[in-house]
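Visitor: I should like to learn how to read a structure of this kind, feature by feature. Where may we begin?

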Amino acid sequence: MNKIELCNISDVAIGQALKVEKDGLVLAVFNVEGEYFVTDDLCTHGPGSLSESYILDDIVECNFHNGAFNIKTGEVVCAPCTERLKTYAVSIENNSVYISV
Ligand code: FES
């Protein structure tokens, strides 16, 4: 298990997302009501960047074709997406957001 530091918690405001490229991964770090979640940034349906998409509570709606995912689980909640989004195990240490891969 490898731990990767992504950003400071203050880099992502509540209801926002930040794109982070690290160790060959392109990720979206979400702040949902003060809790942090990390997914792949790339929509599973096409070229949409989820960190640049629309966020409502724990749902992110892709800005390309309006498919949507649950940020916490990666489950598809709206077509045309059919493939779930990869999520990562997140931990917070010394005000930094880490994932374990
Ligand atoms: Fe995201 Fe099509 S690229 S819904």
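Guide: Let us begin with a sheet, bearing in mind that this is a predicted model. Strands of a sheet pair through backbone hydrogen bonds, either parallel or antiparallel. Here, four strands make an open sheet in the order β5-β6-β7-β8, and their pairing is antiparallel.

Visitor: Which strands stand at the edges of that sheet?

Guide: The edges are β5 (54-56) and β8 (76-78); each has a single partner strand, so one side of each is left without a neighbour in the sheet. From one strand to the next, the twist averages 30 degrees. For a closer view, take β7 and β8, which run antiparallel and are joined by two bridges. Phe69 stands opposite Val76 in β8.

Visitor: In what order do the strands of the six-stranded sheet run?

Guide: The order of this open sheet is β1-β10-β9-β4-β3-β2, with antiparallel pairing. Its edge strands are β1 (3-8) and β2, each of which pairs on one side only. Direction ignored, neighbouring strands of this sheet are turned by 30 degrees against each other on average.

Visitor: How many bridges join β2 to β3, and which residue is the partner of Glu21 in β3?

Guide: Six bridges join β2 to β3, and the two strands run antiparallel. Glu21 has Val26 as its bridge partner in β3. β3 also pairs with β4 over six bridges, again in the antiparallel sense; there, Asn31 is matched with Tyr36 in β4. On β4 one may then follow the sheet to β9 (residues 87-93), an antiparallel neighbour joined by two bridges. The bridge partner of Val38 in β9 is Tyr88.

Visitor: How should I read the turns between such strands, and the backbone angles in them?

Guide: Most residues other than glycine have a negative phi, and most peptide bonds are trans. The exceptions deserve attention. The hairpin of β2 and β3 has two residues between the strands, and in it Asp23 takes a positive phi near 50 degrees. Asp23 counts as exposed, because it has 10 C-beta neighbours inside 10 Å. The hairpin of β3 and β4 also has two residues between the strands, with Glu33 at a positive phi near 50 degrees.

Visitor: What is the phi of Asn95, and is Asn95 buried or exposed?

Guide: Asn95 has a positive phi of about 65 degrees, although it is not a glycine. It lies in the loop between β9 and β10 and is exposed, with 10 other C-beta atoms within 10 Å.

Visitor: Which peptide bond is cis?

Guide: The bond from Ala79 to Pro80 is cis, with omega near 15 degrees. Pro80 is placed in the loop between β8 and β9.

Visitor: Which residues of the largest nonpolar core touch the most other members?

Guide: In a regular strand the side chains alternate between the two faces of the sheet. In the present case, the largest nonpolar core has 22 residues, of which Leu6, Ala17, Ala28, Val29 and Val38 touch the most other members. At least two core residues come from each of β2 (17-22), β3 (25-32), β4 (35-40), β7 (68-70) and β10 (96-100). β3 gives the largest share, four residues. Ala28 illustrates the packing: leaving aside neighbours within four places in sequence, its contacts are Ala17, Lys19, Val38, Thr39, Asp41, Leu50 and Ser51.

Visitor: Is Glu93 buried or exposed, and how far is it from Asn8?

Guide: Glu93, in strand β9, counts as exposed, because it has 9 C-beta neighbours inside 10 Å. Glu93 and Asn8 are 85 residues apart in sequence, yet 9.5 Å apart in space from C-alpha to C-alpha.

Visitor: How may the chain as a whole be described?

Guide: The chain has 10 strands and zero helices. Its radius of gyration is 13 Å, close to the 13 Å that the globule rule gives for 101 residues, so the chain is as compact as a globular protein of that length. The C-alpha trace spans about 40 × 25 × 20 Å along its principal axes, and buried residues make up 29% of the 101 residues. Of the contacts with a separation of 6 or more, 34% are between residues 24 or more positions apart.

Visitor: What does the UniProt record place at residues 4-99?

Guide: The unreviewed UniProt entry places the feature "domain: Rieske" there. The end C-alpha atoms of residues 4-99 lie 5 Å apart, and the span is 0% helix and 50% strand.

Terms used
Residues are numbered from 1 along each chain as its sequence is written. This is a predicted model: local features need pLDDT of at least 70, side-chain atom pairs count only at pLDDT 80 or more; totals for chains, interfaces and linings use all residues. A nonpolar core is a set of buried Ala, Val, Leu, Ile, Met, Phe, Trp, Tyr and Cys residues joined through C-beta atoms within 7 Å. A residue is buried if 20 or more other C-beta atoms lie within 10 Å of its own, exposed if 12 or fewer, and partly exposed in between; C-beta atoms are placed from the backbone. Two residues are in contact if their C-beta atoms, placed from the backbone, lie within 7 Å. Two strands pair if DSSP finds at least two bridges between them. Axes are lines fitted to C-alpha atoms, for helices over the stretch in contact, and angles run from 0 to 180 degrees between N-to-C directions. UniProt positions are given in the numbering used here, feature names are shortened, and annotations may be inferred rather than shown by experiment. The radius of gyration is taken over C-alpha atoms; the globule rule is 2.2 Å times the number of residues to the power 0.38.
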